[in-house]
2 protein chains.
Amino acid sequence: MPDFRLDAASLLPLFRPSSIAVIGASADAGKLGSIPLIHMKTSGFHGALYPVNPKAPVVQGLPAFRNILDVPGPVDLAIISVPEAQVMAAMRDCARKGVRAVILFTSGFAEIGAAGAQAQEEIKAIARDAGMRLLGPNCMGLINFTNGVVATFHLAFGPGLAPPGRIGLISQSGAFGGLAYQVAQDRKLAYSLILTTGNEGDIDVADGIAYLAEDPETAVILLYIEGCRDGAKLSHALARARARRKPVVCIKVGRTEAGIAAVQSHTAALTGADEIFDAMFRQYGVYRASTMEEFFDIGYAAAQAPELPRDDRIGIVTVSGGVGVLMADTAAARGLDVAPASPKLQDGVRAMVPFAATRNPIDVTGQIVGDMGILDRTLEMTLADGGYPSLAAFIGSIGRSPVNGPRYMEVFARLRRSHPRALLAVACLHNPEFRAALDAAGCLLFDEPTHAIRAIAALVNFRRGFDAPPPLSGELPAAEPLPAGPCDEATALAMLQRAGIPVMTHRVVHSAAEAAEAAAALGLPVVLKIVSPDIAHKTDIGGVALDLTSTDAVRRAFDEVTARAAAARPEARLSGCLVAAMVTGGVETILGVQYDPVFGPVVMFGLGGVFVEALKDVTFRLAPFGEEEALRMIGELRGLAVLRGARGRPPADLEALAAALAALSRFAAAQGPALRSLDINPFVVLPQGKGALALDAVIVPA
Amino acid sequence: MPDFRLDAASLLPLFRPSSIAVIGASADAGKLGSIPLIHMKTSGFHGALYPVNPKAPVVQGLPAFRNILDVPGPVDLAIISVPEAQVMAAMRDCARKGVRAVILFTSGFAEIGAAGAQAQEEIKAIARDAGMRLLGPNCMGLINFTNGVVATFHLAFGPGLAPPGRIGLISQSGAFGGLAYQVAQDRKLAYSLILTTGNEGDIDVADGIAYLAEDPETAVILLYIEGCRDGAKLSHALARARARRKPVVCIKVGRTEAGIAAVQSHTAALTGADEIFDAMFRQYGVYRASTMEEFFDIGYAAAQAPELPRDDRIGIVTVSGGVGVLMADTAAARGLDVAPASPKLQDGVRAMVPFAATRNPIDVTGQIVGDMGILDRTLEMTLADGGYPSLAAFIGSIGRSPVNGPRYMEVFARLRRSHPRALLAVACLHNPEFRAALDAAGCLLFDEPTHAIRAIAALVNFRRGFDAPPPLSGELPAAEPLPAGPCDEATALAMLQRAGIPVMTHRVVHSAAEAAEAAAALGLPVVLKIVSPDIAHKTDIGGVALDLTSTDAVRRAFDEVTARAAAARPEARLSGCLVAAMVTGGVETILGVQYDPVFGPVVMFGLGGVFVEALKDVTFRLAPFGEEEALRMIGELRGLAVLRGARGRPPADLEALAAALAALSRFAAAQGPALRSLDINPFVVLPQGKGALALDAVIVPA
């Protein structure tokens, strides 16, 4: 696979600089150029700091330089915070100085239109020619919490910088990056790194992911995405995070028309079809959040969990029966296994509370008002005797009770120590002390009981995704050259067959006699179709004859079909007719490929006929992918029951279908931009063990 | 319509008693019987309080009575908190005393099994015979915040009872009721009444809704439901709330198998098919929440809004472009209209921030760091020049800023005063002072920006629901007596036709000659089917002949079909054959009725063939309903495009379909339990203006 310039090592001077120059450094706290110095004087950054200011010999108590070229030692990172008109000169000075990475705060580039885009190209060229990595322009910079590099003008990162955590956050929006830090103050959501990418002149979200995938300080990656200009690079970066088993949580905005209109007025990024983003996220096991709260909740859970739960079972303990039911509903809806409690566990609870619900959820009932020990022992037994890898507990308002709150801080800390691998998620009304204690103990704490369940389900899904075979599998075949123009059905079927996709038995014939001979050899009844690279919709011009039951009928059909085609399209090149055995039975599906300018070849799969037309029951994947991924893709159809054998019909040959989808994805990936689109419609899936067949195909080269 | 004993006036002694006796009153704070007195000594209850205790002459400083019969004056409400063994005697004493309502805390009744259920029946009989309303047994009681009736043993409602609000909450779970009060402490979520119904020996959720529908202190109704024993009563109560334009928000637990198993082990309530609850909620405009947070969020918004937004347009103002896009996505997905800003508004914003996104969402950008006034003026212009009835604003971390927080408390209060009808929803990071100020000003405040949107969408939906015609419409037809046993197709079609449901043109014939004559009269081709009350699946036994194109063929078919039926089912009564004109074209649908023991007749509608079998693409309503409701029902199908004219076909006659569904619902409602089930399959909907026809029907009487 290509490297897409995902050169994480070249980003080290950006994230781990030994020396930083600030061009446009100022003593005036109202100017952006003052802020990185203010931050870094107290942030614990141990490298050299060089203010650059043509007028002041000292800036914020540090010796300053008129020009970066005057700095005595090497400069790893230069932060440029000067008016737009001075940017080009500053960039050139950095290049001459041998700076290795630049952060450019200044705005007024691609985001304002054509003139700005042109200026941005010039800046990129300077950086590229000098081998400097560039973050920005129009970006808020970055914060590395592990080494005190606070290379941002956002005021939120001032004195009292939060201690480092295990979450790396990458945001295309600077405002969102600042917000993410402020949200984190309320809970144990601690970052290793916050990177904002602005206009993405050079460094983009994918570069950041690739770096974080290798960063030993980062265990979880959070992404805020508005658009993407290079889908292959992004998916390659996600593959690296997946290979390192680092959960990725993403907010991708611009889902609907209203949202997309807003993105286009907000940044210069291409938004891309939302369905393709969805396909990529599914393919790489990325959790896509719909709300900010969900985004931070799942990130928090992934960073805080001792490990991903080893299986799908969840034990639910509750002090309110109804809330337990709500949690069980949510767990089942999210694919968790609310497995019945073991007899030992059920007996143990019943021995304390005879009328307790013990099956799971386990409802300790109001009896705990008289004896809190019932709840302690139930929690302990659920882990010890229940054997659940995940436990969700709803404990009402205990987390804010002056008496019971402190008691349960200890109970949960003890449970954590005695069951170090288990996932303990607690939901309750609570106060900041209770939150801090449970976070410190290594539990997950939530306000909302269903969010505890949602978080556990997300962690289980990460584990499933990491355990599955990687979506990019094996070597690609060599790309067979496509014809220069449109190609006829016979050519398309032949190419697909060579690519490993089964097609119907057929022959191309050039006379009525040959047609009759072919029909006899293939076995009646047959179908006969005109063959022409210039006729895409054969049925519309009477170019198809179905269900021919005698050789005489075949002979007649050859002449009629040929005559109709010649009459309807006098200019079309006719290459004879195609005779194929009629296929009966099976389920009609559609396989397709579309080349997306951002994401490359995208494979579509759907059920044929009314399903695709009325329900848009289709699903997508980025090419290439393997057969296991193809099976997951098939499993996403709403009309899956049709393939599984609804209405007393036999189940369809899903293995053959998956093999064809995977082969098609390899074909498409090998062709790359040479293939504009491809449709196999219908692709008939026969009953299990009988295979599947392409009955028609259209290939459109670029 | 029947009254279902929804006698709200008879509940006044329960909710507004002038005198309360506590049987089992105690001075020992460890006993449940002590708690109502502790509460009511400080709650502001102005009526008479009578402790009843056989041993103590004074309880908690109040003169006590050995028996309720010794109380000098009348007793409106008696709270019974005695051990199970003494309950029966206490109930009888209350009956003799002429008590008008009883709250029974004691547990150990229907929730523990058959013996308890028997005891519960005895208690109910005592209450019924004496004309006393009964709340419980096994219930936590009620709290009326408007008059200080704190008739509960839940400790949370002690001294410092929250001031009254406009939300009435009814919960089948006592624990949930207590929790709802505790959650309310964190935000402006103030209750008029909290009612917990426990085992629902007499008073159930429906009674509570009917009372709150008329209660002038209550504007919004929140429901926590685990199950329902009388669906018609519940829907009738919801209809009353709807008629009074009071928004109803509901959590109904037990959605999935896991949840239902838990409910059954938790309470004695029937859970009922979740799809039917969903149908009822849609029918009556009830908002069904999936999480506790959503439940309280929507309740809060409904109580706090100055009025329901007059149309679907929403203006979005944001300090972070990305969050604005997220909000726009959410708004569009929830059916709001993110209408583009007026030119005047766009120009106004652009005059302040040339590169701002102004279309809607309106992104004021980081420029506000330099000039906060930009945000103030944008908010004001969005309401004044934008004309949006709803405004959602995301203002970052302003709500916790020591400088800007207080400033925006004033800004929003001012906006509220100058636009008193507008809905102002604000999302930001905030502190308790900011929350209190915005709540007091009459704004809606949220942490999560998408939740502001969700709340606005919910309010818009309430308005839509209230403006629609009521779901229960018109007089029911008289119920035509159904046959005693199964009935044949001809009988079923005739009954449907009399009920106003169009059926295919057909004749019943008793000889081959009659069949040929009928075919000639109806016009060829025809279909011929055996007629027998004993043969439900005619096709399986060769009892159907399709597409008969000559009278000879019809004659032969009569003999063959009759012979095959006689051979396959020698015991079946044969009543000749049915001859009908073949119907071609149109869309096949299925109309059905199922009598549910809890909810009564439920009407089903779905697309025929593979849709219903593979996709379960069906939707339900409680009978009866009118044509507008039928159109909404049709609109819920995923395969709606098929009826709207997918694949180049003409759109189907939705008016005829809706009329048939409404007629079927009236027929089913009139029949009530006499009709076990009914299937019209297929019901063919012809192109617009051409009507629709039942082609086959099976009626199964009870």
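Reader: What do the buried residues of α13(B) pack against?

Author: In this predicted model, they pack against β15 (314-318), α12 (343-352), β16 (362-363), β17 (390-394), α14 (404-418) and β18 (423-427) of chain B. The buried residues of α13(B) include Ile374(B), Leu375(B), Leu379(B), Met381(B) and Leu383(B), and Asp376(B) is on that list too.

Reader: What makes you call α13(B) largely enclosed?

Author: It's a head count: 9 of its 12 residues are buried, so the rest of the structure largely encloses α13(B).

Reader: And how do you know what span to expect for α13(B)?

Author: The helix covers residues 373-384 of chain B, and at 1.5 Å a residue its 12 residues should span 16 Å. You multiply 1.5 Å by one less than the number of residues. The end C-alpha atoms sit 16 Å apart, so the two values agree.

Reader: On to chain A. Why is Lys538(A) with Glu489(A) called a salt bridge?

Author: The cut-off is 4 Å between a side-chain nitrogen of Lys or Arg and a carboxyl oxygen of Asp or Glu. For Lys538(A) and Glu489(A) the closest N and O atoms are 2.9 Å apart, so the pair passes by that rule. The two are 49 residues apart and link distant parts of the chain: Lys538(A) is in the loop between β21 (526-530) and β22 (544-548), while Glu489(A) is in helix α17 (residues 489-498).

Reader: Why does Lys538(A) count as buried?

Author: Buried means under 20% relative accessible area. Lys538(A) comes in at 6%, so it counts as buried. Its partner Glu489(A) has 5%, so that one counts as buried as well.

Reader: What makes Asp439(A) and Arg435(A) a salt bridge?

Author: Their side chains meet at 3.7 Å, N to O, and that is within 4 Å, so the rule accepts the pair. Both lie in helix α15 (residues 432-441) of chain A, 4 residues apart, about one turn of the helix. An α-helix has 3.6 residues a turn, so residues three or four places apart point the same way. Both Asp439(A) and Arg435(A) are buried.

Reader: Why say that Arg133(B) and Asp202(B) tie parts of the chain together?

Author: Arg133(B) lies in strand β7 (residues 133-135) and Asp202(B) in the loop between β11 (191-196) and α6 (205-214), so the pair ties together parts that are 69 residues apart in sequence. Their salt bridge has its closest N and O atoms 3.0 Å apart, and both residues are buried. In chain A, Arg133(A) and Asp202(A) belong to a salt-bridge network with Asp204(A), Asp207(A) and Lys233(A).

Reader: How many salt bridges are there between chain A and chain B?

Author: The count there is 0, against 70 over all chains. What the rule does find across the interface is 12 residue pairs in polar contact. On the side of chain A that touches chain B, α11(A) gives the most, with 9 residues. By class, that side has 35 nonpolar, 19 polar and 13 charged residues.

Reader: How big is the area buried between chain A and chain B?

Author: About 4900 Å², with carbon and sulfur atoms giving 67% of it. In contacts, 67 residues of chain A meet 67 residues of chain B.

Reader: Last one: why is Asn53(A) called buried?

Author: Its relative accessible area is 15%, and the limit is under 20%, so Asn53(A) qualifies. Asn53(A) sits in the loop between β2 (48-52) and β3 (58-59) of chain A, and its side chain reaches the backbone nitrogen of Lys55(A) at 2.8 Å.

Key: Residues are numbered from 1 along each chain as its sequence is written. Chains are lettered from A and ligands numbered from 1 in the order in which they are written. This is a predicted model: local features need pLDDT of at least 70, side-chain atom pairs count only at pLDDT 80 or more; totals for chains, interfaces and linings use all residues. Side-chain values use heavy atoms; hydrogens and water are left out. Contact means heavy atoms within 4.5 Å. Buried area is the accessible area (1.4 Å probe) that two parts lose on being put together, summed over both. A polar contact is a pair of N or O atoms within 3.5 Å; within protein, one must be able to donate a hydrogen and the other to accept it, and residues adjacent in sequence count only if both atoms are side-chain atoms. Ala, Val, Leu, Ile, Met, Phe, Trp, Tyr, Cys and Pro count as nonpolar, Asp, Glu, Lys and Arg as charged, and the others, Gly among them, as polar. Buried means under 20% relative accessible area, exposed over 50%, partly exposed in between (1.4 Å probe, protein chains only).
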